Amino acid sequence: MRQKLLFLTCAILLLTGLWLVMKPDSGSLPSSGAIADPKEILFAIHHGSTPDSQVLQLKIGDTAQLNFVSDRDAAVHIHGVDMHIVLSAGMAQQVKFNATQAGRFALEVHDTEMQLGAIEVYPR
């Protein structure tokens, strides 16, 4: 009986410790209670490259405005969703992204396979 109680106590302490160490950090995610304005992000392509790969964090139900500008013609694909954006050199392009499913969706330029960034969608 005493061994079972000791085992149960150790298991509870171990599970509690694991939960505390591995729980998601909700401080960096959008709040679920507030209705926020659509988020915007700019993906700029200059000389076939981008200065930084960017990550946009959303929750299911959020809408974001993706802004693109490129100094050459390009086609951008968002992996995991059926979105293809055709960019014309020197022309700004705006696209609405509705977060309908959770996951990480990479944005990639088709011809060069360059990663522009990602959209991370979290459950509410």
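The legends below walk through several close-up views of this predicted model.

**View 1. The whole chain, for orientation.** Before zooming in, it helps to know the parts: the protein has one helix and eight strands. Along the sequence these elements follow the pattern α-β-β-β-β-β-β-β-β. Of the 124 residues, 31% count as buried. Among contacts with a separation of 6 or more, 61% join residues that are 24 or more positions apart.

**View 2. An open sheet of three strands.** Here you can follow the order E1-E3-E6, with mixed pairing. E1 and strand E6 (93–98) are at the edges and each has a single partner strand, so one side of each has no neighbour in the sheet. On average, neighbouring strands of this sheet are turned by 25° against each other, direction ignored. Looking at one pairing in detail, E1 and E3 run parallel and are joined by seven bridges. Within this view, Glu40 sits opposite Gln65 in E3. As background, strands of a sheet pair through backbone hydrogen bonds, in either a parallel or an antiparallel way.

**View 3. Two aromatic pairs.** What should you look for when two rings meet? The distance of the centres and the angle of the planes describe a pair of aromatic rings. The count in this model comes to two aromatic pairs. Phe43 and Phe68 make a stacked pair, with 5.4 Å from centre to centre and 25° between the planes. Phe43 belongs to strand E1 (residues 39–45) and Phe68 to strand E3, so this pair ties together parts that lie 25 residues apart in sequence. Both Phe43 and Phe68 are buried. The ring centres of Phe97 and Phe105 are 6.3 Å apart and their planes meet at 50°, so this pair is tilted.

**View 4. Phe97 and its surroundings.** Phe97 is buried, with a relative accessible area of 3%, and its ring partner Phe105 also counts as buried, at 5% relative accessibility. Setting aside neighbours within four places in sequence, Phe97 is in contact with a list of residues including Leu58, Leu66, Ile78, Met83, Phe105, Ile119 and Val121. Polar residues appear there too, among them Asp62 and Thr63.

**View 5. The largest nonpolar core.** This core has 24 residues, and those with the most contacts inside it are Leu66, Phe68, Phe97 and Leu116. Elements giving two or more residues to this core include strand E2 (54–59), strand E4 (74–78), strand E5 (83–87), strand E7 (103–109) and strand E8 (115–122). E1, E3 and E6 are also among these elements. In soluble globular proteins, nonpolar side chains tend to be buried together.

**View 6. Ser70 in strand E3.** Is Ser70, which is part of strand E3 (residues 63–70), buried or exposed? With a relative accessible area of 2%, Ser70 is buried, because buried means under 20%. The side chain of Ser70 reaches the backbone oxygen of Arg72 at 2.6 Å. Apart from neighbours within four places in sequence, Ser70 is in contact with Ile45, Leu87, Ser88, Ala89 and Gly90.

**View 7. Ala102 in a loop.** Our last stop is Ala102, in the loop between E6 and E7. Ala102 is partly exposed, with a relative accessible area of 43%. Which residues does Ala102 touch, not counting those up to four places away in sequence? They are Ile60, Val121 and Pro123. The C-alpha atoms of Ala102 and Lys59 are separated by 7.6 Å, although the two residues are 43 residues apart along the chain.

How values were computed:
Residues are numbered from 1 along each chain as its sequence is written. This is a predicted model: local features need pLDDT of at least 70, side-chain atom pairs count only at pLDDT 80 or more; totals for chains, interfaces and linings use all residues. Side-chain values use heavy atoms; hydrogens and water are left out. Buried means under 20% relative accessible area, exposed over 50%, partly exposed in between (1.4 Å probe, protein chains only). A polar contact is a pair of N or O atoms within 3.5 Å; within protein, one must be able to donate a hydrogen and the other to accept it, and residues adjacent in sequence count only if both atoms are side-chain atoms. Contact means heavy atoms within 4.5 Å. Rings of Phe, Tyr and Trp (its six-membered ring) pair if their centres lie within 6.5 Å; planes under 30 degrees apart count as stacked, over 60 as edge-to-face and the rest as tilted. Helices (H or I, at least four residues) and strands (E, at least two) are DSSP runs, numbered from the N terminus. Two strands pair if DSSP finds at least two bridges between them. Axes are lines fitted to C-alpha atoms, for helices over the stretch in contact, and angles run from 0 to 180 degrees between N-to-C directions. A nonpolar core is a set of buried Ala, Val, Leu, Ile, Met, Phe, Trp, Tyr and Cys residues joined through side-chain atoms within 4.5 Å.
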